[in-house]
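Hi,

Here is the model I promised to pass on, with my notes below it. Have a look at it first, and then read on.

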Amino acid sequence: MDEVVRRRVPRLPWRLAVTAAAVSAVPAVCAATVGTGDVPAAVHLAVLAVAALPLLMRAAPTVFRRACLLIGMVLLWASLIGAAFGLGPVVPASLLLLVAAVADPDNPPGCASVVLAVALPLMSLLLLFYPS
């Protein structure tokens, strides 16, 4: 009989994703209790929920990596665009999710993944602060 091979996400990417959810929880709790200027607490709670989505995919390592990459990029762009409104603290969570997407000891990232992981955040920052 064919047996189903159960694989789980390796320990390092899982811990990075948990850290990303914890890092995004701090601004959410602060905004919910104290309140921030321009961003309502519901936005911070939505960011926390989105940052925690990869944690639901522990049994599927490929889906976990893709979700970390997609959610990390979306949060990075959202935090860079919303930095003027108070979404700047989301940058560490998005970077942690991007690192969790490529931090797999069994499958080391290729050259293209490393270049994208380094170049995309740098290009985003350059485009954000480019004088127009």
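Let me start with one helix pair: helix 3 and helix 5 are roughly parallel to each other, because their axes cross at roughly 20° and angles under 35 degrees count as roughly parallel, over 145 as roughly antiparallel, 65 to 115 as roughly perpendicular and the rest as oblique. These axes come within 11 Å; axes here are lines fitted to C-alpha atoms, for helices over the stretch in contact, with angles running from 0 to 180 degrees between N-to-C directions. The crossing is right-handed, meaning that the near helix is turned clockwise from the far one by less than a right angle (anticlockwise would be left-handed). On the helix 3 side the contact is made by Met73, Leu76, Trp77 and Leu80, and on the helix 5 side by Leu120, Pro121, Ser124, Leu125 and Leu128. Contact means heavy atoms within 4.5 Å.

Before going further, please note that this is a predicted model, where local features need pLDDT of at least 70 and side-chain atom pairs count only at pLDDT 80 or more, while totals for chains, interfaces and linings use all residues. Residues are numbered from 1 along each chain as its sequence is written, and side-chain values use heavy atoms, leaving out hydrogens and water.

Now the overall picture. The chain has five helices and zero strands, in the order α-α-α-α-α along the sequence. Helices (H or I, at least four residues) and strands (E, at least two) are DSSP runs, numbered from the N terminus. Of the 132 residues, 31% count as buried, where buried means under 20% relative accessible area, exposed over 50% and partly exposed in between (1.4 Å probe, protein chains only). Among contacts between residues at least 6 apart in sequence, 69% join residues at least 24 apart.

Back to helix 3, which covers residues 61-81. Its 21 residues should span 30 Å at 1.5 Å a residue, and the end C-alpha atoms are indeed 30 Å apart; the expected span is 1.5 Å times one less than the number of residues. Among its buried residues are Phe64, Ala67, Cys68, Ile71, Met73, Leu76 and Leu80. What do the buried residues of helix 3 pack against? They pack against helix 1 (11-33), helix 2 (41-51), helix 4 (91-102) and helix 5 (111-128).

Leu80 of helix 3 is buried, with a relative accessible area of 8%. Not counting residues up to four places away in sequence, Leu80 touches Ser124, Leu125 and Leu128. The C-alpha atoms of Leu80 and Leu128 are separated by 7.1 Å, although their positions lie 48 residues apart along the chain.

Pro54, in the loop between helix 2 and helix 3, is buried too, with a relative accessible area of 0%. Leaving aside neighbours within four places in sequence, Pro54 is in contact with Trp14, Phe64, Ala67, Cys68, Ile71 and Leu97.

One more pair is worth a look. Helix 1 and helix 2 pack at about 165°, with their axes 8 Å apart, and that makes them roughly antiparallel. Their crossing is left-handed. Ala21, Ser24, Ala25, Pro27, Ala28, Ala31 and Ala32 of helix 1 meet Ala41, His44, Leu45, Leu48 and Ala51 of helix 2.

Best wishes
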